[in-house]
Amino acid sequence: MDYTVSMFLNTLTPKFYVALTGTSSLISGLILIFEWWYFRKYGTSFIEQVSVSHLRPLLGGVDNNSSNNSNSSNGDSDSNRQSVSECKVWRNPLNLFRGAEYNRYTWVTGREPLTYYDMNLSAQDHQTFFTCDSDHLRPADAIMQKAWRERNPQARISAAHEALEINECATAYILLAEEEATTIAEAEKLFKQALKAGDGCYRRSQQLQHHGSQYEAQHRRDTNVLVYIKRRLAMCARRLGRTREAVKMMRDLMKEFPLLSMFNIHENLLEALLELQAYADVQAVLAKYDDISLPKSATICYTAALLKARAVSDKFSPEAASRRGLSTAEMNAVETIHRAVEFNPHVPKYLLEMKSLILPPEHILKRGDSEAIAYAFFHLAHWKRVEGALNLLHCTWEGTFRMIPYPLEKGHLFYPYPICTETADRELLPSFHEVSVYPKKELPFFILFTAGLCSFTAMLALLTHQFPELMGVFAKAFLSTLFAPLNFVMEKVESILPSSLWHQLTRI
């Protein structure tokens, strides 16, 4: 046996070792590239996923105990339900105008700022807010009911014009203002026409709302339409620089419809008040909507942090603070910043311009990258306006992560950070944007393994090519050592078995 192995090793030439190591390096390199691409796109290792999904059941990884299975399935369903509730997608209260802003970006850059998933959610919102079961009784509303379901933008716009030929339809004006108008001024003009038509419908349905469920549903739809129009008119005024007028319109709208919180008009109001630098009014709004134990949005958390930072940031110095310690006001500001960062850890990099901004999507995920973009897009200017606020944020925001338990089984100040934000944000944000991920995922074992294997075999191939004789000696010594235990076992077997029996076995 030892003689056979020696003969085999002596027949191997240096070219064989070069080819062997080179091929191994190429294959492991291809595996590494594929694993890295899969990890960047889906956030997990392909080999690990296949082994868990397919190989583990074959190797007996599934428990046969029915009670355990039922318990685990119940637990899985509970966790799934929790992740769905944590990763609910919300309408962006500061969303841009599709025709006047999103489409202009596409014309200039050639990139689509909105994903299909985001636009599909908007279509569902429009059907929920702007239609009701009795629309088929009115020709113009019946046309608009189909228009909101239409995927082609030009078909939607044509349907809106067709509805306006029948009568003054508020939802048709809304669609044209959102999608056909190419400037904010054009959109505002169309929304004013929508307001005139929508206000008349609202007053008529208000008188008939108690005459049956059909009239009640119609009045609910007309209320949604009226609130939407007034809110968008206020946003037009804000875009066009008439900020005080916008603030008055928002306040009046919140007084007129105090129960309609789904539009989150207070976030529009906070942004407009910050533009006016009316910080006392901002604090009054926060006092009403900010819940310490259960914050509602990044806008509320970071606006509260900005107000606290404003009180100390102009005189804050990290060197002086390290010498004398933080004052009470500085400690309060730092704690508020830590609270905001724990709620949404993606925001600071956008405020500090460590990461480039894109246009915010029409929908956001609370505590996700999409919400961070939507907040920073409108509020970065307000942070820059407060002297020293960004410096205080820069010096203190990373300290948040030292207080949050790891793994993220529980939060420090409130409920733990959800684990499903990355998947939802990838659906909401365009492909050219690099999604911010928290907590940072460690590279899977198989990527590290294939990277090491590729590097090792490439080094062997290079050494074998440069020093063929020397590497041949090393290879033969390595293989001899590798086969030594087998040779030892074979020698013991030869000594124990009779020679005649061993001769017959070797012949077989």
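**Figure 1. Burial along the chain of this predicted model.** Of the 508 residues in the chain, 44% are buried. The surface that the chain exposes comes to about 28100 Å², and carbon and sulfur atoms supply 58% of that area.

**Figure 2. The helices and strands, and the contacts in the chain.** Welcome to the fold: the secondary structure consists of 24 helices and two strands. Take the contacts between residues at least 6 apart in sequence: 70% of these join residues at least 24 apart.

**Figure 3. Cavities inside the predicted model.** If you enjoy looking for enclosed space, there are five cavities of 30 Å³ or more to visit in this structure. The largest cavity has a volume of about 100 Å³, and the next two views stay with it.

**Figure 4. Residues around the largest cavity.** The lining is made up of 15 residues. Look for Pro-93, Glu-267, Thr-299, Ile-364 and Glu-371, which lie nearest the centre of the cavity. By residue class, the lining of the largest cavity divides into seven nonpolar, four polar and four charged residues.

**Figure 5. Elements that line the largest cavity.** Which elements give two or more residues to the lining of the largest cavity? They are strand S1 (89-91), helix H15 (298-310) and helix H19 (369-385). H19 gives the most, with three residues in the lining of the largest cavity.

Note on methods. Residues are numbered from 1 along each chain as its sequence is written. This is a predicted model: local features need pLDDT of at least 70, side-chain atom pairs count only at pLDDT 80 or more; totals for chains, interfaces and linings use all residues. Side-chain values use heavy atoms; hydrogens and water are left out. On a 1 Å grid over the protein atoms alone, a cavity is a set of points where a 1.4 Å probe fits but cannot get out, and a pocket is an open set with protein on both sides within 12 Å along at least five of seven lines; lining residues have an atom within 4 Å of a point. Grid points are joined across faces, edges and corners, and a volume is the space filled by probe spheres set on the points. Helices (H or I, at least four residues) and strands (E, at least two) are DSSP runs, numbered from the N terminus. Ala, Val, Leu, Ile, Met, Phe, Trp, Tyr, Cys and Pro count as nonpolar, Asp, Glu, Lys and Arg as charged, and the others, Gly among them, as polar. Buried means under 20% relative accessible area, exposed over 50%, partly exposed in between (1.4 Å probe, protein chains only). Contact means heavy atoms within 4.5 Å. Accessible areas come from the Shrake-Rupley method with a 1.4 Å probe; for residues, only the protein chains shown count as cover.
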